[in-house]
Amino acid sequence: AAHRAGLTAIICIGETEGEREAGVLREVLARQLTGSLPPEATPGNTVIAYEPVWAIGTGKVASADDIVAVHAFIREGLLAVKGPTGEGYRILYGGSVKPDNAAAILALDNVDGALVGGASLKAEDFCAIIDACAGLGA
């Protein structure tokens with residue numbers, strides 16, 4: 001529906017804490033990605049966001065190593081499903097992005113932006129995240 005309306009769709013994928021602890025993170029994310037990516041999706045009309053369910057509203061943030069590994073896995077999945085155009089998709093991180101961690105997260109490999117939740121409700125926090133992006137040349 002988003003594509004038919006000319007909108008950019010943001011497809012959010014992420015695992016629960018139980019799925020992470022059970023060691024099925026990759027299986028969960030692969031299933032979500034392939035099951036949610038419609039044939040008409042292109043890098044111009046679709047963005048992928050990795051948002052671990054266990055981080056939503058908890059203040060918990062995935063480690064830098066975990067974010068890099070998961071974003072690389074998502075990129076591999078996009079390449080497998082979409083071929084060379086998979087390289088053009090933006091992959092966002094969303095999981096307790098705040099002014100004090102935004103710059104570090106946004107500087108990681110394959111992190112093309114942030115999906116900001118609660119921090120977007122406070123102008124001062126959101127502006128600080130925007131400033132972090134600007135400081136990275138974004």
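This text leads through a predicted model of one protein chain, from its overall fold to its core and its salt bridges.

The protein chain contains 5 helices and 4 strands. Read from the N terminus, these elements follow the order β-α-α-β-α-β-α-β-α. The radius of gyration is 15 Å, close to the 14 Å that the globule rule gives for 138 residues, so the chain is as compact as a globular protein of that length. Along the principal axes, the C-alpha trace spans about 40 × 40 × 25 Å. Of the 138 residues, 37% count as buried. When contacts between residues at least 6 apart in sequence are considered, 65% of them join residues at least 24 apart.

The strands offer a convenient point of entry. Strand 1, formed by residues 9-13, pairs with strand 2, residues 46-50, in the parallel sense, and the pairing comprises 5 bridges. Within this pairing, Cys 12 has Ala 49 of strand 2 as its bridge partner. The side chains of strand 1 alternate between two faces. Ala 9, Ile 11 and Ile 13 point to one face and are buried, whereas Ile 10 and Cys 12 point to the other and are not buried.

The nonpolar core comes next. The largest such core has 30 residues, and those with the most contacts inside it are Ile 48, Ile 74, Leu 78 and Tyr 93. Two or more residues each are contributed by strand 1, helix 2 (25-36), strand 2, helix 3, strand 3 (90-93), helix 4 and helix 5 (123-135). Helix 3 gives the most to this core, with 5 residues.

The surroundings of Ile 48 can be followed residue by residue. Leaving out residues up to four places away in sequence, Ile 48 touches Ile 11 and Ile 13, then Leu 33 and Leu 37, then Ile 74 and Leu 78, and finally Arg 90, Ile 91 and Leu 92. Ile 11 and Ile 13 are among the strand 1 residues whose side chains point to the buried face, while Ile 74 and Leu 78 are among the residues with the most contacts inside the core.

Ile 105 gives a view from another part of the chain. Ile 105 is located in helix 4. Its relative accessibility is 6%, and since buried means under 20%, Ile 105 counts as buried. Beyond its neighbours within four places in sequence, Ile 105 is in contact with Val 61, Ile 67, Tyr 93, Val 97 and Val 111. Of these contacts, Tyr 93 is one of the residues with the most contacts inside the largest core. By contrast, Ser 36 lies 69 residues from Ile 105 along the chain, and 25 Å separates their C-alpha atoms.

Charged side chains add a further set of links. The count of salt bridges comes to 5. One of them joins Arg 20 and Glu 15, with an N to O distance of 3.0 Å. Glu 15 is buried, at a relative accessible area of 0%, while Arg 20 is partly exposed, at 24%. Arg 20 also forms a salt bridge with Asp 66, where the closest N and O atoms are 3.3 Å apart. This second pair links distant parts of the chain, since Arg 20 lies in helix 1 (residues 17-21) and Asp 66 in helix 3, 46 residues apart. Asp 66 is partly exposed, with a relative accessible area of 30%.

Another salt bridge connects Asp 112 with Arg 75, the closest N and O atoms being 3.2 Å apart. Asp 112 lies in the loop between helix 4 (102-106) and strand 4 (113-114) and Arg 75 in helix 3, so the pair ties together parts that are 37 residues apart in sequence. Asp 112 counts as partly exposed, at 41% relative accessibility, whereas Arg 75 counts as buried, at 6%. Through shared partners, salt bridges join Glu 15, Arg 20 and Asp 66 into one network.

Arg 75 merits a final look. Arg 75 belongs to helix 3, which covers residues 64-82. In addition to the salt bridge with Asp 112, a polar atom of the Arg 75 side chain lies 2.9 Å from the backbone oxygen of Gly 86. Apart from neighbours within four places in sequence, Arg 75 is in contact with Gly 86, Glu 87, Gly 88, Tyr 89, Ile 91, Asn 110 and Asp 112. Ile 91 is likewise among the residues that Ile 48 touches.

Key:
Residues numbered from 1 in each chain as written. Predicted model: local features only at pLDDT ≥ 70, side-chain atom pairs only at ≥ 80, totals over all residues. Heavy atoms only, no water. Polar contact = N/O pair within 3.5 Å; in protein donor to acceptor, adjacent residues only side chain to side chain. Contact = heavy atoms within 4.5 Å. Buried < 20%, exposed > 50% of the residue type's maximum accessible area, 1.4 Å probe, protein only. Pairing = 2+ DSSP bridges. Salt bridge = Lys/Arg side-chain N within 4 Å of Asp/Glu carboxyl O. Core = buried A, V, L, I, M, F, W, Y, C linked by side-chain atoms within 4.5 Å. Rg over C-alpha atoms; globule rule 2.2 N^0.38 Å.
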